Every structure is written in structure tokens, then in C-alpha cells.
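Me: I am new to this structure and would like to understand why its parts are described as they are. Could we go through the terms one by one, setting each value against its cut-off?

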Amino acid sequence: MLDIKFVRENIEEVKAALAKKGFAFDDAGFSRLDEARKSAMTEAQALQAEKKKASKQIGQLIGQGMSPEEAKAQVMSGLDADISRAEQQAKQAESDLRDLLLSIPNVPVAEVPAGADEEDNVEVLTWGTPRSFDFEPMDHVDVGAPLGLNFDAGALVAGSRFAVMSGSIARLHRAITQFMLDVHTTEHGYEETYVPYLVNRTALEGTGQLPKFEEDLFRIPQAQGDKDLYLIPTAEVPVTNLLRDAVHDVELPVKKVAHTPCFRSEAGSYGRDTRGMIRQHQFDKVELVQFVRAQDSEATLEELTGHAEAILQKLNLPYRKVILCGGDLGFSAAKTYDLEVWLPGQQKYREISSCSTFGDYQARRMQARWRNPETGKPELLHTLNGSGLAVGRTLVAVLENYQQQDGSVVIPEALRPYMGGLETISK
């Protein structure tokens, strides 16, 4: 959530920055609600002051021989009702303004390029050289089918956009996950964290998925008493919310890594990537989350993105790094790098990781704070996260980049210890 004071004092700059995201900021509506809130609060405070003054008059009347009931009726006539009305108006105005602020996306940083969609993202670097095949490379669906990758079985038990993995493919999927966790915990300094796969509405509001993106979520009605729960779209939600609603005496940065399944309805993606594992309702991801000081936010994004890149490099998978343009930038993000891995079966780069900094946008929604030891005062944390990596898409990349003409797949050297020393998998 944006700082209301910042918006109030920089309303034209905020409007222009949000336009880069394609968001039309209703500055007139914001100013109207802001003024209504201040007016209602001022009236409520004035009436409370009047009530305090009236209480003294009641005492004076009682001292002159009037009964307490008569004195109160004479002095307070209608005042309590006015106070109740004014306080209710102030409460409603505060709620309306908060609802408006919750619907406004984060402001992109200055270096985010202008643009409408992914076609306008700007390439920062490429790494590795796509392999030259002496045969026509297949996509992961055809490579994986003889090895245990089954989309028909997924459709049978759940529906479209689900997969079943068996045998060597299931083992390779697990090996990729374990490899990522080991690298991030032993080499990059993250603490492995296990979190719930179901979260409440407040958690999703905290990281920015709600209220705007409810249609993208799987909701479990009345799963806990009279409160609905939601399947997590990413581990970002439960992990980032671990520090909500408190002031933490911690040494920064706090770095956490979590492996979870992720669940997305893929609303709005009808007809896109219907073949294979690129866009599934259920998929696994290893998520990196950091909580840092404000002044470290920019450098930490570079560091965190580098941690995701390290996985691709260790697996020798060619990729490119792009900075997202304003029109492709996520709702809560201030700046995002996407890593796109080369897929021979599609002859194109496809996203495998998104790494973002959110500034204090999420922390303000969650009231996630730390106590600065230099000042002794609470400050909002800055939050960052990124995929390190999407496990299913990494499996896709391995199958396509390491496929052989006979249908077997060479296991990347980094994964062989997790595969019992196997060098290839085949039917």
C-alpha cells in the first residue's frame, strides 16, 4: 500500500508513475475521500471536546441543586447522538480511503522502462549458447511421455492443466527441487522454511493478491469456521506474512527459502500454453524471500536475481535476463527482472523466474516492521522475492536441452548426486 502522506504531497508524480503501469489513478476521487476523512475526524474531535466541556457544566448544575439526570439531560441533549454519528462517518471515511489505497498498485521506480506488454521488456544480458542439434528437437511433452510424464492421467483425476509424473521423471523433478534448496541454503545463506499451503484473506491482502486478483485464486469456502481459506498462488504469500503485524528485533537481512506447490486458476489465459507444463493449475516452486533495510533494497534485488541465475548456470541452461516494462510489471512490484530459459522445442526463451523488489509497499499493508538499533524506532521493512526456480519449468528446460536422438535425456552433472549417480534416463 502506498504511503498516504506521500500520495497527498506528490499526487501528480504518483499519477504519472502509475500511468507507466497502465493504471489510471483517480486523483480527484482520492482527494475527495481524503478530505472527507479529515473533515469527519475534525468534527468528531470537536464534538468530543464539546462533551468534555459539557461535563463540567453538569457538575456545576448539580452543585446548584439540580438532579444528575436533569443536569445531564439539559447539557447533553443530542450531543451523544451527534458524536456517535460523527465517529461513524469518520470510521466509514477511513475504511473507504483504505479500500481505495488497497486497489492502487505500487509505483514503479524510475528505471522501469515504458511499455505496454512483454514485447516491450528490455534485455539486460544473455548467458550460455543454445545447443545445436543434429536432429529435430522435440518439446518436453514428446520427450517426457516415454519417461513418465502423463497429461492424460492428470486430466482424468483433476482436469486440464494438471500433470502426473512417474518413475524417472518424478525422481528428476524431486532431484531438481532438492538441488535448488541445497544451493540456496548452503551457498546463498537462506534459511529453509516450511509454510502452510492454505492462507487466509488477510495474508493475501498483505502481499497484494487481494482484493484485485481474486479470480486467479482457488478459494476454499468456509474452510475454517466461517472464514474462507485460499490455496497459495506462491510461497511468497505465507513466507512474507511471517513478519506481519509486529515490530521485530532482528538482524537484517532476513533470508528465507521455501519449496511449495503453487495453485493458480490461470484466469484470462484461455487458449495460451494449453500444451505441456508451462502453464499449470498446480506446479512446484522454490521461492526466495528477503526482508531488508530501505537503503539495501536496490542492491538486494541484484543479489537475489543472481541467486536464481546461479541455478541456471549450474545446470548449464542458456537464459536471458530482462527488466520488465511498466505495462508488464506486477501489481505490487516496484521493479522486476525476469529470467527466461531457452527451450529448443519452442525455439524461444520462456520465463522461469521473476525477481522483484516491492519497497515498503507490502510491509505497509502488513505492518511488518523492524526496530532500527541505531535509532530505537520501528521502521517498515523492504521486501523482495523471486523464484529460485520454478521446478516444473526447470524440468521442462532440462528435458528439452538435454534430450538425445534416441529419446533418452542426459542428466546435468549438478543433478547426478541427487539421481543416485545416473547419467541418463530413458524409457
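Me: What makes the meeting of the side chains of Arg201 and Glu205 a salt bridge?

Reply: In this predicted model, the side chains of Arg201 and Glu205 meet at 3.5 Å, N to O. A salt bridge asks for a side-chain nitrogen of Lys or Arg within 4 Å of a carboxyl oxygen of Asp or Glu, and therefore the pair of Arg201 and Glu205 at 3.5 Å qualifies. Both residues lie in helix H9 (residues 201-207), where they are four residues apart, about one turn of the helix.

Me: Why is Arg201 called partly exposed, and why is Glu205?

Reply: The range for partly exposed lies between the buried limit, under 20% relative accessible area, and the exposed limit, over 50%. Arg201 has a relative accessibility of 31%, so it counts as partly exposed, and Glu205, with a relative accessible area of 23%, is partly exposed as well.

Me: How do you know that Asp296 and Arg293 form a salt bridge, and why do they count as partly exposed?

Reply: Their side chains meet at 2.8 Å, N to O, which is within the 4 Å that the term requires, and so the pair is a salt bridge. Asp296 counts as partly exposed because its relative accessibility is 25%, and Arg293 does so because its value is 29%.

Me: What makes the pair of Glu309 and Lys321 a salt bridge?

Reply: The side chains of Glu309 and Lys321 meet at 3.9 Å, N to O, and because the cut-off is 4 Å, this pair is also counted. The pair links distant parts of the chain, with Glu309 in helix H11 (residues 297-314) and Lys321 in strand S11 (residues 319-323), 12 residues apart. Glu309 and Lys321 are both buried, and they belong to a network of salt bridges that also links Glu111, Glu302 and Lys335. The structure holds 27 salt bridges.

Me: Why is Glu118 called partly exposed, and which surface patch does Glu118 help to form?

Reply: Glu118 has 48% relative accessibility, and because exposed would need over 50%, Glu118 counts as partly exposed. Together with Asp117, Glu119, Asp120 and Glu351, Glu118 forms a negative surface patch. Its place is in the loop between helix H5 (79-102) and strand S1 (122-127).

Me: Why is Ala414 not called buried?

Reply: Buried means under 20% relative accessible area, and Ala414 is at 23%, so Ala414 counts as partly exposed. Ala414 lies in the loop between strand S17 (409-410) and strand S18 (424-425), and, leaving aside its neighbours within four places in sequence, it is in contact with Phe179, Lys314 and Leu315.

Note on methods. Residues are numbered from 1 along each chain as its sequence is written. This is a predicted model: local features need pLDDT of at least 70, side-chain atom pairs count only at pLDDT 80 or more; totals for chains, interfaces and linings use all residues. Side-chain values use heavy atoms; hydrogens and water are left out. Patches are made of residues with over 30% relative accessible area and no salt bridge: like charges are joined within 9 Å, nonpolar side chains (Val, Leu, Ile, Met, Phe, Trp, Tyr) within 5 Å. Accessible areas come from the Shrake-Rupley method with a 1.4 Å probe; for residues, only the protein chains shown count as cover. Lys and Arg count as positive and Asp and Glu as negative; His and the chain ends are not counted. The place of a charge is taken as NZ of Lys, CZ of Arg, CG of Asp or CD of Glu. Helices (H or I, at least four residues) and strands (E, at least two) are DSSP runs, numbered from the N terminus. Buried means under 20% relative accessible area, exposed over 50%, partly exposed in between (1.4 Å probe, protein chains only). Contact means heavy atoms within 4.5 Å.
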